[in-house]
Amino acid sequence: MSEDLTFYRDTWAEINLDAIEYNVKSMIQHLGRDGKVIAVVKANAYGHGDYEVAETAIKAGADMLAVAFVDEGIALRKKGMRSPILVLGASRPEDVQISIDYDLTLTAVSLDWVMQAEKYAADGELAFHIKLDTGMGRLGITKREELEAVIEFACTSAHLKLGGIFTHFATADELDSDYAEYQFAAFEKLIDGIAYPEWMIHCANSAAGLRFPGRIFNTVRLGISMYGLAPSMELKENLPYPLEEALSLHTKLVHVKKIAKGEKVSYGAAYTAEEDEWIGTLPVGYADGWIRRLKDSEVLADGMRVPIVGRICMDQCMIRLPRKMPIGTQVTLIGRQSEEYIPIDEIAGRLETINYEVPCILSARVPRMFLRNKSIMEVRNPIIQS
Ligand SMILES: *Cc1c(COP(=O)(O)O)cnc(C)c1O
């Protein structure tokens with residue numbers, strides 16, 4: 001293995017690209033013939049690895065990619081991605097020319113933004129989608145007149161090319177919410193009668209795509225469920241097709257020792273052995289995204305659940321083993337070992353947060369290993385990769 005294809009600390013995330021492919025294909029099939037998919041790969045593909053996930057999603061049939069910021073779009077282009085990329089967030093009008101140069105599709109959030117943007121489009125044509133705010137209260141146009149003005153302005157400009165109109169739901173993951181219906185109606189009303197033969201018209205995130213395949217207009221922005229995660233716990237019980245979780249997180253025992261009853265472990269000496277115990281040390285800590293709040297959680301070793309003991313350090317943490325285990329024993333923090341399974345939702349539950357956050361906070365220090373057909377296709381380790 002060449003140096004930039006490996007890592008020297010045994011902590012890594014495995015990304016099963018077959019699962020990504022399966023999750024994208026399942027959504028496409030669920031939507032039927034005319035449904036398009038925008039694969040949302042912002043935030044380094046929710047921590048999974050932007051380029052590899054993007055490439056897999058496109059090969060699986062996605063029509064476009066989406067990121068949050070121009071920087072993320074440029075990163076994908078620099079890695080060689082050629083497919084269309086939509087920047088979902090609000091970009092600076094000053095960055096329109098670089099967006100044209102990198103062939104990024106931007107999001108227009110107001111008439112004022114579009115007029116500013118046009119001034120900065122010196123060379124070439126800016127592709128953009130219009131964002132409508134139908135109740136999320138975050139970004140976008142709320143008035144029909146302003147929408148019409150943007151469309152008219154774009155149609156008469158040689159530097160602007162309108163490719164779509166979209167909105168975003170605030171509650172699509174809640175089964176008993178009337179608010180999504182309210183937003184559907186608001187979106188329909190705003191775009192009613194506006195001709196859009198080849199535009200992408202999209203309102204649905206994963207939750208809306210899963211729940212309302214017949215009401216997506218023509219495109220779904222597929223994020224969380226591409227990674228095999230349910231958008232909410234209640235939706236998890238009501239999925240139209242099974243999801244396959246793509247990410248697992250592993251490490252290995254680097255030190256194993258027996259401590260006597262009464263001896264202490266880690267900062268604060270906050271853990272005291274209740275009897276003679278086997279303690280294993282893992283080279284993973286809060287700087288990797290395995291944050292201190294996880295101090296009472298469990299990991300898998302030799303197919304068994306074992307507890308983390310003592311405080312989680314920046315680079316390391318300790319676990320209590322039922323018996324002596326050899327150095328180098330693989331320990332799984334997220335994922336499966338024989339019969340035992342720690343899903344991302346379990347970690348999210350312990351952290352009192354949503355599953356989205358868990359892979360997102362795995363830091364760049366954790367190498368990502370990409371698997372196809374259970375064999376390693378590639379490793380990304382930004383720490384030593386240029
Ligand atoms: C992140 C994001 C999505 C993806 O949402 P999921 O719930 O992960 O499917 C869709 N649209 C916008 C505007 C987003 O910011």
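Modeller: Let's start with contact, which means heavy atoms within 4.5 Å. Leaving aside neighbours within four places in sequence, Leu76 is in contact with Val41, Asp50, Tyr51, Ala54, Leu65, Val67, Met81 and Ile85. One caveat up front: the model is predicted, local features need pLDDT of at least 70, side-chain atom pairs count only at pLDDT 80 or more, and totals for chains, interfaces and linings use all residues. Residues are numbered from 1 along each chain as its sequence is written, and side-chain values use heavy atoms, with hydrogens and water left out.

Biologist: Fine. Why is Leu76 called buried?

Modeller: Buried means under 20% relative accessible area, exposed means over 50%, and partly exposed is in between (1.4 Å probe, protein chains only). Leu76 has 0%, so it counts as buried. Leu76 lies in helix α4, residues 70-78.

Biologist: And what makes α4 a helix?

Modeller: Helices are DSSP runs of H or I with at least four residues, strands are runs of E with at least two, and the numbering goes from the N terminus.

Biologist: What makes α3 largely enclosed?

Modeller: Of the 10 residues in α3 (50-59), 7 are buried, so the rest of the structure largely encloses this helix. The buried set is Asp50, Tyr51, Glu52, Val53, Ala54, Thr56 and Ala57. Among them, Asp50, Tyr51 and Ala54 are also contacts of Leu76. Just after α3, Gly61 takes a positive phi of about 120 degrees.

Biologist: How do you know that the length of α8 is close to what is expected?

Modeller: The expected span is 1.5 Å times one less than the number of residues. Helix α8 (residues 179-191) has 13 residues, for which 18 Å is expected, and its C-alpha atoms reach 19 Å from first to last.

Biologist: Which residues of α8 are buried, and how do you know what side they are on?

Modeller: Ala180, Gln183, Phe184, Phe187, Leu190 and Ile191 are the buried ones. They cover an arc of only 135 degrees around the axis, so they sit on the same side of α8. That arc is taken over the directions from the helix axis to the C-beta atoms. As background, an α-helix has 3.6 residues a turn, so residues three or four places apart point the same way. The cover over the buried residues of α8 includes α7 (144-155), β7 (160-166) and β8 (200-204). Following α8 is Gly193, with a positive phi near 80 degrees.

Biologist: Now the loop between β6 and α7. Why is Ile141 called buried, while Leu139 counts as partly exposed?

Modeller: Ile141 has 1% relative accessibility, so it is buried. Leu139 has 24%, so it falls in the partly exposed range. Both sit in that loop, Leu139 as well as Ile141. Beyond four places in sequence, the contacts of Ile141 include Val109, Leu132, Val150 and Leu190. With that same limit, Leu139 touches Leu88, Gly89, Ala90, Val109, Lys131, Leu132 and Asp133. Leu139 and Ala90 are 49 residues apart in sequence and 7.6 Å apart in space, C-alpha to C-alpha.

Biologist: What makes Asn44 and Asn373 stand out to you?

Modeller: Their backbone angles. Asn44 has a positive phi near 55 degrees and isn't a glycine, and Asn373, also no glycine, has a positive phi of about 55 degrees. Asn44 belongs to helix α2 (residues 42-46), whereas Asn373 is in the loop between β20 (368-372) and β21 (375-380). At 33% relative accessible area, Asn44 is partly exposed; Asn373 has 68%, so it is exposed.

Biologist: Last one: how do you know that the ligand is surrounded?

Modeller: A residue is near a molecule if one of its heavy atoms lies within 4 Å of it. Around the ligand we find residues including Val40, Lys42, Tyr46, Leu88, Arg221 and Tyr356.

Biologist: And what makes a contact there polar?

Modeller: It's a pair of N or O atoms within 3.5 Å. A polar side-chain atom of Tyr46 is 2.6 Å from a ligand oxygen, one of Arg221 is 2.7 Å from a ligand nitrogen, and one of Tyr356 is 2.6 Å from a ligand oxygen. The protein covers 93% of the 390 Å² of accessible area that the ligand has on its own, with areas from the Shrake-Rupley method and a 1.4 Å probe.

Conventions: A polar contact is a pair of N or O atoms within 3.5 Å; within protein, one must be able to donate a hydrogen and the other to accept it, and residues adjacent in sequence count only if both atoms are side-chain atoms.
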